[in-house]
Amino acid sequence: MSQFQSPWELYQSRIPNDLDVEMEPMASCPSFPDPASDFDRNIPRICGVCGDKATGFHFNAMTCEGCKGFFRRSMKRKAMFTCPFNGDCKITKDNRRHCQACRLKRCVDIGMMKEFILTDEEVQRKRDMIMKRKEEEALKESLKPKLQEEQQRVIEVLLEAHRKTYDPTYSDFSKFRPPVRDSSGKRSTTRSSSVVTQGFSSSEDSSDTFSSSPEPKMFSNLELSDDSDESSAMAIEFSHLSMLPHLADLVSYSIQKVIGFAKMIPGFKDLTAEDQIALLKSSAIEVIMLRSNQSFSLEDMSWTCGNNDFKYKISDVTQAGHSLDLLEPLVRFQISLKKLNLHEEEHVLLMAICILSPDRPGVQDTALVESIQDNLSEILQTYILCRHPPPGNRLLYAKMIQKLADLRSLNEEHSKQYRCLSFLPEHSMQLTPLVLEVFGNEIS
Ligand SMILES: [Zn+2]
Ligand SMILES: [Zn+2]
């Protein structure tokens, strides 16, 4: 059964549920193009026939229940009335029973039409339809997935875990070794990037937008060398990794926070210490990429963590030894993740699901990890069904799972570049013990 309401269903559900089916033909009445909005505007509702309190539009005019019934009965009986007076009785709430002829004339004068009266058969059909709709709605309601209390609790625990381990003020960043942005422009990047040039600016001079460095042609003078692709991929100018100390501290700090978050995931602590470590080692960089989406800005394609010192552009990360082979797909990943507009609940569930992946290398009790992950995936799917309104919910779960696949290849490229980077002692000595432990230490 579809979870989505068609415009027709939406329209139907707006029809009042009472059984006053004869109000409905008003919807097509040309003389009152939008009676529904008239109701909304709290205009005085006075019966056009007798001045009593009106209950709505009946047979094309605003009338009270009494005059509505009178008009219907008169029409059905095809009654012919004669005025016992002069034929111009003024009808009021109190005297409306005195002269049926003038009351009926008044009905017709204010626009009531017998064409709007339903036959008994039509009335019955309408009633049946309304009943059927009510039953369908009740059925739909009973089939609707609901977050169980336990699932709700898991979401709350994860939200709390994230809030405890992600500081949106980024105040700790000033404790890291300071960022040093090398503006000599001596870095060599391996290839031009479509994401970089398209994403940063639509103007001709895209370099301005993402780099304030005095070397304006940093990306535009790059050459695509087809022949030496493999070697050039690693041809980073390692001697100028001025951002490495700061970003190493940032990554180290983030790893700590990811560990803190993981420990609070319901079920994580039931795993053996070995499995916990195996999961964290292989997922840490992926979760860092996921959580960094919170600071990523689509406006200037940078990670904005407070003031300008802590605003990171691609050029800053290349100055920490990473090449566009990683950064281009990473930025593309950040853009598409950002555009999913995840709720915080979905964001934290995705991070937890990412950590609890049973297929990580070195995991022993894959069954237990899988059962925890399955439970989290189920919560995520149910959450999306119940709480994420259309159109954003469309295929959202599948798109989120695709993000996990994207993270795997980003992880792989990161490992490759990290190995290359940490191979040189002058670089690995800039890293922190935690980074070396989690990402590996080539020197030892
Ligand atoms: Zn009336
Ligand atoms: Zn009369």
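The donor residues of the zinc ion (ligand 1) are spaced C-x2-C-x13-C-x2-C in sequence. The model that shows this site is predicted. Four cysteines coordinate the zinc ion (ligand 1) through their SG atoms: Cys47, Cys50, Cys64 and Cys67. The distances run from 2.2 to 2.4 Å. The 4 donor atoms subtend angles of 102 to 121° around this ion, so the arrangement is tetrahedral. Burial was examined for two of these donors. Cys47 has a relative accessible area of 3% and is therefore buried. Cys50 is also buried, because its relative accessibility is 6% and the cut-off for burial is under 20%.

A second metal site involves the zinc ion (ligand 2). Its donors are the SG atoms of Cys83, Cys89, Cys99 and Cys102. They lie at 2.2 to 2.4 Å from the zinc ion (ligand 2). Along the chain, these donors follow the spacing C-x5-C-x9-C-x2-C. The site is tetrahedral, with angles of 106 to 119° among the 4 donor atoms. Cys83 and Cys89 fall on either side of the 20% cut-off for burial. Cys83, at 19% relative accessibility, counts as buried. Cys89, at 23%, counts as partly exposed.

Helix packing was examined for one pair. Helix 10 spans residues 244–263, and helix 14 spans residues 344–355. Their axes come within 11 Å. The crossing angle is roughly 90°, which means that helix 10 is roughly perpendicular to helix 14. On helix 10, the contact is made by Val258, Phe261 and Ala262. Helix 14 contributes Val348, Met351, Ala352 and Ile355.

The chain as a whole was then described. The secondary structure comprises 18 helices and 5 strands. The chain has 444 residues, and buried residues make up 46% of them. Among contacts with a separation of 6 or more, 74% join residues 24 or more positions apart. The exposed area of the chain is about 23900 Å². Carbon and sulfur atoms supply 53% of that area.

In summary, the predicted model holds a tetrahedral site for the zinc ion (ligand 1) and a tetrahedral site for the zinc ion (ligand 2). Helix 10 and helix 14 cross at roughly 90°.

Terms used. Residues are numbered from 1 along each chain as its sequence is written. Chains are lettered from A and ligands numbered from 1 in the order in which they are written. This is a predicted model: local features need pLDDT of at least 70, side-chain atom pairs count only at pLDDT 80 or more; totals for chains, interfaces and linings use all residues. Side-chain values use heavy atoms; hydrogens and water are left out. Helices (H or I, at least four residues) and strands (E, at least two) are DSSP runs, numbered from the N terminus. Buried means under 20% relative accessible area, exposed over 50%, partly exposed in between (1.4 Å probe, protein chains only). Contact means heavy atoms within 4.5 Å. Accessible areas come from the Shrake-Rupley method with a 1.4 Å probe; for residues, only the protein chains shown count as cover. Donors are N, O and S atoms within 2.8 Å of the metal (3.2 Å for Na, K and Ca); water is not among the atoms, so sites may look incomplete. Four donors count as tetrahedral if all angles lie between 85 and 135 degrees; four count as square planar and six as octahedral if opposite donors are over 155 degrees apart and all others between 65 and 115; anything else is irregular. Axes are lines fitted to C-alpha atoms, for helices over the stretch in contact, and angles run from 0 to 180 degrees between N-to-C directions. Angles under 35 degrees count as roughly parallel, over 145 as roughly antiparallel, 65 to 115 as roughly perpendicular and the rest as oblique.
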